[in-house]
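Reader: Could you take me through the aromatic rings in this one? I'd like a close look at how they pair up, and then a stroll through whatever else catches your eye.

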Amino acid sequence: MKKAPIPKNEKSRVQELWDYSVLDTDPEKVFDDITTLARNLCGTKISLISLIDSDRQWFKSKSGLDASQTPRDISYCGHAIMGDEIFIVEDADKDERFQDNPLCTGEPYVKFYAGVPLVTPNGQRIGTLCVIDDKPKKLEQLQKDTLKLLAVNVVNLLELRKKNKELEKTLNQSLDIQRMASTGGWELDIKTGKTLWTEEVYHIHKIPVGTPTDKIMGISYYAENEREKILKCVDECILQKKEYDEIFKFYDSEGNQKWVRALGRPELGDDGEVLKLIGTFQDVTQFVEGEKKVNKLNQYLDLALEGANLGIWDWNLSNNAVSFDKRWAEMLGLKVEDIEMTLETWESRVHPDDLEQCYSDIKAYLDGETTSYRNIHRMKHKKGHWVYILDQGKFSGWDEEGKPIRFTGTHLDITKQKLQELMTARLAKEKDVLNQMLQIENHRQTSLKEKLKQALYFVMQSPWGGFFDNCAVLKSENKQNILFVFCGKNEGSTYEIKRKITVRGEKFGDFVISLKDKKEKLIGHEPFLNACVKIFSQMIELHNSQEELIVSRNKALEGQKAKSLFLANMSHEIRTPLNGVLGMVEILSDTKLSTEQKQMLETISSSSLTLLDTLNGVLDLSKIEAGKLELEVAPFNLNESLKQVVELFKFEAVKKSIHLSYKENTNSKKYFKGDVTRVKQIMTNLLSNAIKFTEKGEVKIVCKMKEFHPGKQNVEIVVKDTGIGMDGKAKEKLFQAFTQADNSTTRKYGGTGLGLSICKELVELMNGRIEVSSELGRGTEFKVLLELEEVNSSETCLVSSEKKSREKEDYQLKVLVAEDNKVNQQIAQIMLRNLGCSCDVVENGKEALGQIERKGANYYDVIFMDMQMPIMDGVEATKKIVKSYQECRPSIVAMTANAFKEDRDLCLSAGMDDFLAKPIKKDKIKEILFSLQKLKKSS
């Protein structure tokens, strides 16, 4: 006996089989129909759909056999998958490969075998469709061809089954997203007034899912003073075909006040009349309440914006009173005490050609057409020239009815930026994003018409060949017509047989046969006819499903790309002013300050870092969801890192009279390899929550060394508090993104609900786990278990030595800063000069090129280059420098608010040597300068 051989691509072949998720599943009729058809067609006792696993052949479908699987090494199918053509053993007793095979000498006495490999679209042979008999046998060519066709249909069915499961997974993910966003969908029938709600809409109303609803019932949940407003929106949507997007006060069935966002749009019939309204319904209570809290932070916001070099304006919408700060006045060469605080003062200085667009943009925001006010206009300077101003604002106050009564914003002098070039750059980026969103994978698809034509060809070659004149598939008249006719004309045909082809419960068309002779001659072929009709139906359904899956996939890609674009823009717009705030805070902290000034500085820093943490949290969660978050592996001191985290919260603990302690394991290795930033991020989130939710008692961190493996150490870090604790229900949703254990904790303690979700994802990314135990009113304990790689003594000394050298180093480097933002220029200059560097500043890439040309390629040691600048951006300037000066050029470091991995890759591919994301810190600049100066000395 010759054992079944193993293909060269065995690993990828078995993996593809597993990807179908079909092994050890229950029987399915569509597969059983094919084995029955194959058995009848070939006149054998057994027919199987056999799938070849690593050590067995398992039968997805079997006709004439009780066994569900056999060992692979004695299988005939194991031989069949070694080629693409049909594998036939006409008499096993005469074949030395099988004559002493247990399946030949014993049950089921396989003397005849014919197997067609099941070849996937990727070319992997995962099994066979085979027929078996206990007597020697030969197949006609027609039987072989038909068996091949049936094998193709088995693969098509497996593909359809796989695609359906993927589609089901996508739909479930969509429902999860709705629940996370607290957003549901609704539909209103105009004629009947009946409404349809998704589950989340019922949850927001707090009524049982499936409760019959109508328009009147839905309106009744709105606050009385809001009902006229929502009815007006609905009426305008029906009569004027006008979409709406509004926020309303709302009460659920338990009397809880909420704020909801309702969106609606009309759906028209063929006659242009509105048939129904569809829309979304979202609980935005947390967002509305959060905006109210922003008012209490205006004082701190004013200080932060002053540090970012922004002029502030405030407009009371109820009485039209306005106010401007001194920075706004200085932009126009004025003194704030000489300005009359009226709207007319501002109007009088805006360029007449720009005033109309200003008010148009303001009105668009006031009417809810835009999410914020943004406008660029010219204002007249005291000396007579025009200054370009970027004007931005948002509502900052509301009355008790939720009506906005206060409008606050900023002015920024952007005169040196050319507006037209900025707009051109923006349009180019938008066009690039749209092109990416419109790209579709170019898989070659056989048309439905061609598939049906091929299937009909095989029907023509069937045993019916001598019995009929014509065979066709007809698609009904009210759809795109499909008609095939074979074997001449219908003239002279006496009998006609017609079978209905049904797809998803709807008639697709008819399978029509015109006969030469009496109908009775086809009675024995009825099972074959019925099987053909089923196969046609399955082929059509598979084709339609593939088209639907392509559409769903494209929509998902469009949503992902739009999300990425939004996150990139949000990150850039927030990081740029944050760089100014945090940079100034770091510089001021090195100066002599009074106690009160230090407290104010700490408040600004804390508020800014909270905003940065929230931004980084959203970006981290997005990267984790997309599978793009990468860990950095470098030596770090675990005990020292945990001490640093504890130090961050000592002041907060003292303020709340909480005893904060850290107990380290003195027997542990000092240094491990890992991502120290992510370890600190995890512990910072856990310690922040522990202190936040503890009013009295203690919070402690304990580091324990667990099991040791060669080169590896299992570490357990415990964060325990005596705070408010939580019950079982709260723990169930503890690690869900944007979710707090209890809504009341959000109101009392604040927070986004992102921290613990990201902690869990990061721990699992490090192949660790996080555990929680808690009791309501008695405290909470989090355990983080990590497996860390040990660092040898030589690496430890190297890390420690390099850190000490970096701290003592005096950086005698010549630096050029290319940056268009005045605040960022000032911060970079101060930090670099404090480190011992000489520093020149230019405002765009073109000026940087000119400066190098004037002073020579070897004059500067390093250039800090912003990515986005007017006239010429940093990427283009870098490419020109690299091309012109090659190895003689200075080192180039990106210093940018574009903080995504794609931005880093773009900078490095353009020729930059390093990448520094804003907001910049002095320690990060030190690391870069240390490396560059070290390189300079060695050369």
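Author: Sure! Keep in mind that this is a predicted model. The count of aromatic pairs comes to 19. Let's zoom in on the pair made by Trp313 and Phe407, which is edge-to-face, with 5.2 Å from centre to centre and 85° between the planes. Those two numbers do the describing here, because a pair of aromatic rings is described by the distance of the centres and the angle of the planes. This pair ties together distant parts of the chain: Trp313 belongs to strand β13 (residues 311-316) and Phe407 to strand β17 (residues 404-413), 94 residues apart. Buried or exposed, what are Trp313 and Phe407? Both are buried. They also have company, as ring pairs link Trp313, Trp315, Tyr365, Tyr373, Phe395 and Phe407 into a cluster.

Rings can have a charged side chain over them too. Lys229 lies over the face of Phe248, 5.0 Å from the ring centre. Lys814 does likewise with Tyr859, at 5.2 Å from the ring centre.

Lys814 is a handy stepping stone, since strand β28 covers residues 814-818. That strand runs parallel to β30 (residues 862-865), and 4 bridges join the two. Look for Val815, which stands opposite Val862 in β30. Now pull back to the whole sheet: it is open, with 5 parallel-paired strands in the order β29-β28-β30-β31-β32. The edges are β29 (838-842) and β32 (914-917); each has a single partner strand, so one side of each is left without a neighbour in the sheet. From one strand to the next, the twist averages 20°. Helix α25 (residues 822-834) packs on this sheet, where it touches β28, β29, β30 and β31 (891-896), and its direction makes about 165° with that of β29. Another helix, α28 (residues 901-910), lies across β31 and β32 and runs at about 145° to β32.

What about the greasy parts? In soluble globular proteins, nonpolar side chains tend to be buried together. Here the largest nonpolar core has 39 residues, and those touching the most other members are Leu638, Leu660, Ile682, Met683, Leu686, Leu687 and Ile691. Several elements each supply at least two residues of this core, among them α18 (638-648), β22 (659-663) and β24 (698-709). Which element gives the largest share of this core? That's α20, with 7 residues. Take Leu660 as a sample: leaving aside its neighbours within four places in sequence, it is in contact with Val646, Phe649, Lys650, Ala653, Leu687, Ile691 and Val699. There's also a second, separate core of 31 residues, which includes Tyr20, Ile34, Leu139 and Val154.

Some backbone oddities are worth a peek as well. A cis peptide bond joins Glu107 and Pro108, with omega about 5°, and Pro108 sits in the loop between α4 (102-105) and β5 (112-119). Asp24 isn't a glycine, yet its phi is positive, near 60°. You'll find Asp24 in the loop between α1 (10-19) and α2 (29-42), and it counts as exposed because its relative accessibility is 52%. Ile871 also has a positive phi without being a glycine, about 70°. Ile871 is in the loop between β30 and α27 (874-885), and at 41% relative accessibility it counts as partly exposed.

To finish with the big picture, the chain has 29 helices and 32 strands, and 44% of its 939 residues count as buried.

Methods. Residues are numbered from 1 along each chain as its sequence is written. This is a predicted model: local features need pLDDT of at least 70, side-chain atom pairs count only at pLDDT 80 or more; totals for chains, interfaces and linings use all residues. Side-chain values use heavy atoms; hydrogens and water are left out. Two strands pair if DSSP finds at least two bridges between them. Axes are lines fitted to C-alpha atoms, for helices over the stretch in contact, and angles run from 0 to 180 degrees between N-to-C directions. Contact means heavy atoms within 4.5 Å. Rings of Phe, Tyr and Trp (its six-membered ring) pair if their centres lie within 6.5 Å; planes under 30 degrees apart count as stacked, over 60 as edge-to-face and the rest as tilted. Buried means under 20% relative accessible area, exposed over 50%, partly exposed in between (1.4 Å probe, protein chains only). A charge sits over a ring if NZ of Lys or CZ of Arg is within 6 Å of the ring centre and within 35 degrees of the ring normal. A nonpolar core is a set of buried Ala, Val, Leu, Ile, Met, Phe, Trp, Tyr and Cys residues joined through side-chain atoms within 4.5 Å.
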